[in-house]
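Colleague: Before we discuss this model, I would like the terms and their cut-offs spelled out as we go.

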Amino acid sequence: MNNTTKRVLSGIQPTNEMHFGNYFGAVANWVDLQEKYDCLFCVVDLHAITTSYDPKELRKNSKNMFVDILACGIDPEKSTLFIQSMVPEHTELTWYLNCVTSYGQLSRMTQFKDKSEVINQQSKEKFVSAGLFTYPILQAADILIYKANYVPVGRDQKQHLELTRNIADRFNNQFGKYFPLPEPLFTKTSKILSLADPSKKMSKSLGPKHFVGLFEDENKIRKKVRSAVTDIGNIENNKMSQGVEGLFEILKACNKTEIVKSLIADYDSGQLKYKELKDNVSDALVELSNKFKERKKEILSDENKVKELMIKGSEKARVIAKKTIEEVKQLNGLA
Ligand code: TRP
(Lines give C-alpha, C1' and ligand atoms only; values in the text may rest on other atoms or scores of the structure.)
Protein backbone atom coordinates (compact mmCIF):
# COMPACT_ATOMS: atom_id res chain seq x y z
CA MET A 1 0.00 0.00 0.00
CA ASN A 2 1.40 3.40 -0.91
CA ASN A 3 1.27 6.72 0.90
CA THR A 4 -1.71 7.96 -1.01
CA THR A 5 -3.88 5.00 -0.07
CA LYS A 6 -6.91 6.35 1.72
CA ARG A 7 -7.72 5.09 5.16
CA VAL A 8 -10.99 3.49 6.22
CA LEU A 9 -12.21 2.91 9.78
CA SER A 10 -15.34 1.29 11.06
CA GLY A 11 -16.60 -0.19 14.30
CA ILE A 12 -19.19 -2.77 15.28
CA GLN A 13 -20.80 -3.49 18.62
CA PRO A 14 -20.02 -6.87 20.20
CA THR A 15 -22.89 -9.37 20.32
CA ASN A 16 -22.83 -13.09 20.97
CA GLU A 17 -24.23 -13.92 17.58
CA MET A 18 -23.61 -12.10 14.34
CA HIS A 19 -26.67 -12.21 12.08
CA PHE A 20 -27.20 -11.72 8.36
CA GLY A 21 -28.36 -8.15 8.95
CA ASN A 22 -24.95 -7.31 10.47
CA TYR A 23 -23.17 -9.22 7.75
CA PHE A 24 -24.88 -7.68 4.71
CA GLY A 25 -25.25 -4.29 6.38
CA ALA A 26 -21.61 -3.94 7.37
CA VAL A 27 -19.07 -6.73 7.39
CA ALA A 28 -19.57 -7.95 3.79
CA ASN A 29 -18.77 -4.43 2.69
CA TRP A 30 -15.62 -4.34 4.85
CA VAL A 31 -14.40 -7.51 3.15
CA ASP A 32 -14.57 -5.69 -0.21
CA LEU A 33 -13.04 -2.48 1.11
CA GLN A 34 -9.95 -4.19 2.53
CA GLU A 35 -8.79 -4.87 -1.05
CA LYS A 36 -8.65 -1.17 -1.91
CA TYR A 37 -7.98 0.80 1.24
CA ASP A 38 -5.85 0.85 4.34
CA CYS A 39 -8.56 -0.50 6.64
CA LEU A 40 -8.97 -0.55 10.40
CA PHE A 41 -11.92 -2.32 11.98
CA CYS A 42 -12.72 -2.50 15.66
CA VAL A 43 -15.09 -4.25 18.01
CA VAL A 44 -16.41 -1.33 20.05
CA ASP A 45 -16.61 -2.79 23.55
CA LEU A 46 -16.30 0.66 25.15
CA HIS A 47 -19.49 1.70 23.40
CA ALA A 48 -21.19 -1.44 24.69
CA ILE A 49 -20.80 -0.33 28.33
CA THR A 50 -22.85 2.84 27.86
CA THR A 51 -26.04 0.89 28.65
CA SER A 52 -26.58 -1.86 31.22
CA TYR A 53 -24.65 -5.05 30.53
CA ASP A 54 -23.08 -8.11 32.11
CA PRO A 55 -19.23 -7.98 32.28
CA LYS A 56 -18.83 -11.74 31.73
CA GLU A 57 -21.09 -11.63 28.70
CA LEU A 58 -19.28 -8.61 27.30
CA ARG A 59 -15.88 -10.31 27.49
CA LYS A 60 -17.28 -13.37 25.72
CA ASN A 61 -19.15 -11.34 23.12
CA SER A 62 -16.18 -9.16 22.21
CA LYS A 63 -14.02 -12.18 21.54
CA ASN A 64 -16.83 -13.87 19.67
CA MET A 65 -17.40 -10.86 17.44
CA PHE A 66 -13.68 -10.70 16.70
CA VAL A 67 -13.72 -14.35 15.60
CA ASP A 68 -16.92 -13.92 13.59
CA ILE A 69 -15.43 -10.99 11.68
CA LEU A 70 -12.42 -13.15 10.80
CA ALA A 71 -14.75 -15.97 9.74
CA CYS A 72 -16.55 -13.53 7.43
CA GLY A 73 -13.32 -12.95 5.55
CA ILE A 74 -11.50 -10.03 7.15
CA ASP A 75 -7.86 -10.89 6.62
CA PRO A 76 -5.59 -9.70 9.45
CA GLU A 77 -2.74 -9.41 6.95
CA LYS A 78 -4.70 -6.89 4.91
CA SER A 79 -6.74 -5.08 7.56
CA THR A 80 -6.04 -4.02 11.12
CA LEU A 81 -8.67 -5.76 13.25
CA PHE A 82 -8.72 -5.01 16.97
CA ILE A 83 -10.73 -4.62 20.15
CA GLN A 84 -11.36 -0.95 20.96
CA SER A 85 -10.49 -1.13 24.69
CA MET A 86 -7.10 -2.69 23.88
CA VAL A 87 -6.13 0.67 22.38
CA PRO A 88 -6.62 2.94 25.42
CA GLU A 89 -5.61 6.00 23.39
CA HIS A 90 -9.21 6.11 22.11
CA THR A 91 -10.42 7.09 25.57
CA GLU A 92 -7.66 9.65 25.99
CA LEU A 93 -8.51 11.35 22.72
CA THR A 94 -12.18 11.27 23.73
CA TRP A 95 -11.43 13.71 26.56
CA TYR A 96 -9.60 16.16 24.32
CA LEU A 97 -12.47 15.97 21.83
CA ASN A 98 -15.03 16.44 24.63
CA CYS A 99 -13.61 19.93 24.95
CA VAL A 100 -14.20 20.83 21.30
CA THR A 101 -17.69 19.30 21.10
CA SER A 102 -20.72 21.55 21.19
CA TYR A 103 -23.05 20.66 24.04
CA GLY A 104 -25.98 21.92 21.97
CA GLN A 105 -25.15 19.72 19.00
CA LEU A 106 -24.60 16.69 21.23
CA SER A 107 -28.03 17.26 22.77
CA ARG A 108 -29.60 17.00 19.34
CA MET A 109 -28.37 13.46 18.60
CA THR A 110 -31.47 11.45 17.74
CA GLN A 111 -29.89 8.12 18.65
CA PHE A 112 -29.36 9.35 22.21
CA LYS A 113 -32.93 10.57 22.40
CA ASP A 114 -34.26 7.26 21.08
CA LYS A 115 -32.10 5.10 23.33
CA SER A 116 -32.76 7.11 26.47
CA GLU A 117 -36.47 7.02 25.79
CA VAL A 118 -36.37 3.22 25.54
CA ILE A 119 -34.46 3.06 28.85
CA ASN A 120 -36.98 5.33 30.53
CA GLN A 121 -39.91 3.31 29.25
CA GLN A 122 -38.62 -0.22 29.52
CA SER A 123 -36.10 -0.53 32.31
CA LYS A 124 -36.75 -0.58 36.02
CA GLU A 125 -33.80 1.61 36.96
CA LYS A 126 -34.40 4.20 34.26
CA PHE A 127 -30.67 4.94 34.41
CA VAL A 128 -29.37 6.96 31.49
CA SER A 129 -25.58 7.25 31.75
CA ALA A 130 -23.48 10.24 30.80
CA GLY A 131 -21.53 7.71 28.72
CA LEU A 132 -24.60 7.18 26.55
CA PHE A 133 -24.80 10.93 26.07
CA THR A 134 -21.14 11.30 25.08
CA TYR A 135 -21.13 8.05 23.04
CA PRO A 136 -20.76 9.98 19.75
CA ILE A 137 -17.57 11.68 21.00
CA LEU A 138 -15.97 8.29 21.61
CA GLN A 139 -17.06 7.34 18.10
CA ALA A 140 -15.43 10.52 16.75
CA ALA A 141 -12.25 9.56 18.60
CA ASP A 142 -12.31 6.08 17.02
CA ILE A 143 -12.31 7.72 13.63
CA LEU A 144 -10.10 10.75 14.14
CA ILE A 145 -7.34 8.97 16.05
CA TYR A 146 -6.46 7.22 12.77
CA LYS A 147 -7.20 10.29 10.63
CA ALA A 148 -9.55 8.09 8.63
CA ASN A 149 -10.79 9.42 5.28
CA TYR A 150 -13.80 7.15 4.95
CA VAL A 151 -16.18 5.57 7.41
CA PRO A 152 -18.44 2.78 6.12
CA VAL A 153 -21.68 2.95 8.13
CA GLY A 154 -25.41 2.55 7.82
CA ARG A 155 -27.64 5.58 7.23
CA ASP A 156 -28.54 5.60 10.92
CA GLN A 157 -25.02 6.84 11.63
CA LYS A 158 -25.23 9.91 9.40
CA GLN A 159 -25.73 12.33 12.27
CA HIS A 160 -22.81 10.87 14.22
CA LEU A 161 -20.57 11.35 11.20
CA GLU A 162 -21.68 14.95 10.86
CA LEU A 163 -20.84 15.52 14.50
CA THR A 164 -17.42 13.92 13.95
CA ARG A 165 -16.76 16.32 11.09
CA ASN A 166 -17.81 19.28 13.21
CA ILE A 167 -15.56 18.18 16.06
CA ALA A 168 -12.62 17.82 13.65
CA ASP A 169 -13.38 21.17 12.11
CA ARG A 170 -13.55 22.94 15.45
CA PHE A 171 -10.28 21.35 16.53
CA ASN A 172 -8.63 22.39 13.26
CA ASN A 173 -9.87 25.98 13.57
CA GLN A 174 -8.67 26.27 17.11
CA PHE A 175 -5.35 24.45 16.99
CA GLY A 176 -4.28 24.37 13.33
CA LYS A 177 -5.32 22.13 10.48
CA TYR A 178 -4.71 18.63 11.72
CA PHE A 179 -7.59 16.19 11.22
CA PRO A 180 -8.91 15.33 7.75
CA LEU A 181 -12.71 15.57 7.67
CA PRO A 182 -13.94 11.98 7.36
CA GLU A 183 -16.64 11.08 4.87
CA PRO A 184 -19.27 8.41 5.36
CA LEU A 185 -19.43 5.51 2.91
CA PHE A 186 -23.02 4.38 3.05
CA THR A 187 -23.29 0.66 2.54
CA LYS A 188 -24.57 -0.28 -0.89
CA THR A 189 -26.64 -3.29 0.13
CA SER A 190 -30.10 -2.31 1.20
CA LYS A 191 -31.45 -2.90 4.60
CA ILE A 192 -32.03 -6.52 5.49
CA LEU A 193 -35.46 -6.72 7.11
CA SER A 194 -36.80 -8.72 10.01
CA LEU A 195 -38.38 -11.98 8.84
CA ALA A 196 -41.22 -11.89 11.36
CA ASP A 197 -41.95 -8.16 11.00
CA PRO A 198 -40.69 -6.83 7.66
CA SER A 199 -41.62 -3.28 8.61
CA LYS A 200 -38.49 -3.34 10.80
CA LYS A 201 -34.78 -3.83 10.23
CA MET A 202 -33.34 -7.28 11.02
CA SER A 203 -32.21 -6.99 14.61
CA LYS A 204 -31.43 -9.21 17.55
CA SER A 205 -33.21 -7.06 20.07
CA LEU A 206 -36.59 -7.82 18.48
CA GLY A 207 -36.28 -11.51 19.41
CA PRO A 208 -35.10 -14.79 17.84
CA LYS A 209 -37.81 -14.99 15.16
CA HIS A 210 -36.67 -11.71 13.69
CA PHE A 211 -33.13 -12.55 12.66
CA VAL A 212 -31.06 -15.35 11.15
CA GLY A 213 -27.73 -15.97 12.86
CA LEU A 214 -24.70 -16.56 10.66
CA PHE A 215 -23.85 -19.74 12.51
CA GLU A 216 -27.28 -21.13 13.22
CA ASP A 217 -28.15 -24.76 12.48
CA GLU A 218 -29.23 -25.37 8.92
CA ASN A 219 -32.64 -26.62 10.08
CA LYS A 220 -33.23 -23.51 12.14
CA ILE A 221 -32.27 -21.25 9.25
CA ARG A 222 -34.70 -23.05 6.96
CA LYS A 223 -37.46 -22.98 9.54
CA LYS A 224 -37.08 -19.24 10.14
CA VAL A 225 -37.16 -18.47 6.44
CA ARG A 226 -40.13 -20.77 5.89
CA SER A 227 -42.14 -18.89 8.48
CA ALA A 228 -41.13 -15.45 7.22
CA VAL A 229 -44.08 -13.07 6.84
CA THR A 230 -44.90 -12.44 3.18
CA ASP A 231 -48.24 -10.73 2.68
CA ILE A 232 -49.81 -8.86 5.53
CA GLY A 233 -52.94 -6.76 5.58
CA ASN A 234 -53.96 -4.78 2.55
CA ILE A 235 -51.46 -4.53 -0.22
CA GLU A 236 -51.92 -1.68 -2.66
CA ASN A 237 -52.49 -2.82 -6.20
CA ASN A 238 -49.39 -4.08 -7.93
CA LYS A 239 -47.14 -3.23 -5.04
CA MET A 240 -44.83 -5.88 -3.72
CA SER A 241 -45.32 -6.46 0.01
CA GLN A 242 -42.45 -5.54 2.30
CA GLY A 243 -41.99 -9.16 3.30
CA VAL A 244 -41.58 -10.40 -0.27
CA GLU A 245 -39.35 -7.47 -1.09
CA GLY A 246 -37.24 -8.30 1.96
CA LEU A 247 -36.77 -11.88 0.77
CA PHE A 248 -35.71 -10.66 -2.68
CA GLU A 249 -33.30 -8.26 -0.99
CA ILE A 250 -31.62 -11.17 0.78
CA LEU A 251 -31.27 -13.11 -2.48
CA LYS A 252 -29.75 -10.05 -4.15
CA ALA A 253 -27.34 -9.55 -1.27
CA CYS A 254 -26.28 -13.19 -1.72
CA ASN A 255 -25.45 -12.35 -5.36
CA LYS A 256 -28.06 -14.74 -6.74
CA THR A 257 -28.71 -12.46 -9.71
CA GLU A 258 -29.97 -15.08 -12.14
CA ILE A 259 -32.37 -16.60 -9.64
CA VAL A 260 -33.65 -13.13 -8.73
CA LYS A 261 -34.27 -12.36 -12.39
CA SER A 262 -36.26 -15.50 -12.99
CA LEU A 263 -38.30 -15.20 -9.78
CA ILE A 264 -39.07 -11.54 -10.48
CA ALA A 265 -40.34 -12.61 -13.92
CA ASP A 266 -42.60 -15.14 -12.16
CA TYR A 267 -43.77 -12.43 -9.79
CA ASP A 268 -44.57 -10.07 -12.65
CA SER A 269 -46.63 -12.71 -14.41
CA GLY A 270 -48.40 -13.63 -11.18
CA GLN A 271 -46.83 -17.10 -11.07
CA LEU A 272 -44.47 -16.70 -8.16
CA LYS A 273 -44.84 -19.34 -5.48
CA TYR A 274 -43.67 -18.03 -2.14
CA LYS A 275 -42.43 -21.47 -1.25
CA GLU A 276 -40.03 -21.37 -4.17
CA LEU A 277 -38.80 -17.92 -3.22
CA LYS A 278 -38.29 -19.04 0.37
CA ASP A 279 -36.50 -22.25 -0.64
CA ASN A 280 -34.08 -20.22 -2.72
CA VAL A 281 -33.48 -17.78 0.13
CA SER A 282 -32.82 -20.68 2.52
CA ASP A 283 -30.42 -22.34 0.09
CA ALA A 284 -28.47 -19.11 -0.39
CA LEU A 285 -28.21 -18.43 3.35
CA VAL A 286 -27.27 -22.02 4.18
CA GLU A 287 -24.55 -21.96 1.51
CA LEU A 288 -22.99 -18.84 3.04
CA SER A 289 -23.48 -20.09 6.56
CA ASN A 290 -21.65 -23.33 5.78
CA LYS A 291 -18.69 -21.40 4.46
CA PHE A 292 -18.56 -19.23 7.60
CA LYS A 293 -18.99 -22.21 9.93
CA GLU A 294 -16.08 -23.97 8.32
CA ARG A 295 -13.81 -20.95 8.68
CA LYS A 296 -14.90 -20.36 12.26
CA LYS A 297 -14.11 -23.94 13.17
CA GLU A 298 -10.66 -23.59 11.70
CA ILE A 299 -9.99 -20.32 13.54
CA LEU A 300 -11.16 -21.74 16.87
CA SER A 301 -9.07 -24.89 16.47
CA ASP A 302 -6.10 -22.86 17.71
CA GLU A 303 -7.10 -20.99 20.87
CA ASN A 304 -3.78 -19.15 21.15
CA LYS A 305 -4.03 -17.90 17.62
CA VAL A 306 -7.09 -15.75 18.40
CA LYS A 307 -5.36 -14.13 21.40
CA GLU A 308 -2.28 -13.53 19.32
CA LEU A 309 -4.30 -11.89 16.55
CA MET A 310 -6.03 -9.62 19.07
CA ILE A 311 -2.70 -8.49 20.48
CA LYS A 312 -1.12 -8.02 17.07
CA GLY A 313 -4.10 -6.04 15.79
CA SER A 314 -4.10 -3.69 18.75
CA GLU A 315 -0.34 -3.21 18.55
CA LYS A 316 -0.63 -2.21 14.90
CA ALA A 317 -3.42 0.24 15.73
CA ARG A 318 -1.55 1.66 18.74
CA VAL A 319 1.43 2.72 16.66
CA ILE A 320 -0.83 5.16 14.82
CA ALA A 321 -2.95 6.07 17.85
CA LYS A 322 0.03 6.95 20.05
CA LYS A 323 1.45 9.26 17.43
CA THR A 324 -1.86 11.10 17.13
CA ILE A 325 -2.09 11.52 20.90
CA GLU A 326 1.42 12.98 21.05
CA GLU A 327 0.64 15.45 18.29
CA VAL A 328 -2.74 16.42 19.73
CA LYS A 329 -1.21 17.05 23.15
CA GLN A 330 1.39 19.29 21.53
CA LEU A 331 -1.27 21.23 19.68
CA ASN A 332 -3.48 21.47 22.77
CA GLY A 333 -0.70 22.87 24.94
CA LEU A 334 -0.58 19.77 27.11
CA ALA A 335 2.90 18.66 26.15
N1 TRP B 1 -22.06 3.67 16.60
C2 TRP B 1 -21.78 2.68 15.59
C3 TRP B 1 -23.03 1.80 15.41
O4 TRP B 1 -23.80 1.67 16.31
C5 TRP B 1 -20.61 1.81 15.97
C6 TRP B 1 -19.32 2.57 15.95
C7 TRP B 1 -18.55 2.89 17.03
C8 TRP B 1 -18.65 3.06 14.81
N9 TRP B 1 -17.42 3.55 16.63
C10 TRP B 1 -17.47 3.67 15.29
C11 TRP B 1 -18.94 3.04 13.46
C12 TRP B 1 -16.58 4.29 14.41
C13 TRP B 1 -18.07 3.65 12.60
C14 TRP B 1 -16.89 4.29 13.06
O15 TRP B 1 -23.18 1.23 14.36
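Colleague: Where is F215 found, and what makes the elements beside it helices or strands?

Modeller: F215 is in the loop between β5 (183–186) and α9 (218–226). Helices are DSSP runs of H or I with at least four residues, strands are runs of E with at least two, and both are numbered from the N terminus. This is a predicted model, in which local features need pLDDT of at least 70 and side-chain atom pairs count only at pLDDT 80 or more, while totals for chains, interfaces and linings use all residues. Residues are numbered from 1 along each chain as its sequence is written, and side-chain values use heavy atoms, with hydrogens and water left out.

Colleague: Which residues does F215 touch, not counting residues up to four places away in sequence?

Modeller: With that exclusion, F215 touches D68, A71, S289, F292, K293 and K296. Contact means heavy atoms within 4.5 Å, so these residues qualify as its contacts.

Colleague: Why is the pairing of K256 and E287 called a polar contact?

Modeller: A polar contact is a pair of N or O atoms within 3.5 Å; within protein, one must be able to donate a hydrogen and the other to accept it, and residues adjacent in sequence count only if both atoms are side-chain atoms. The side chains of K256 and E287 are joined at 3.1 Å, so the distance falls within the limit. K256 itself is found in the loop between α10 and α11 (257–268). Leaving aside neighbours within four places in sequence, K256 is also in contact with L251 and A284.

Colleague: Which side chains have an N or O atom paired with a nitrogen atom of the ligand?

Modeller: The distances to a ligand nitrogen are 2.9 Å for Q139, 2.7 Å for D142 and 3.2 Å for Q157. Taken alone the ligand exposes 370 Å², of which the protein buries 88%; these areas come from the Shrake-Rupley method with a 1.4 Å probe, and for residues only the protein chains shown count as cover.

Colleague: What makes up the shell around the ligand, by class?

Modeller: The shell has six nonpolar, five polar and one charged residues. Ala, Val, Leu, Ile, Met, Phe, Trp, Tyr, Cys and Pro count as nonpolar, Asp, Glu, Lys and Arg as charged, and the others, Gly among them, as polar. D142 is among the residues surrounding the ligand, and as an Asp it therefore counts as charged. The largest share of the shell, four residues, comes from α7.

Colleague: Which elements give two or more residues to that shell?

Modeller: They are β1 (7–12), α7 (130–144) and β4 (150–153).

Methods
Near = heavy atom within 4 Å.
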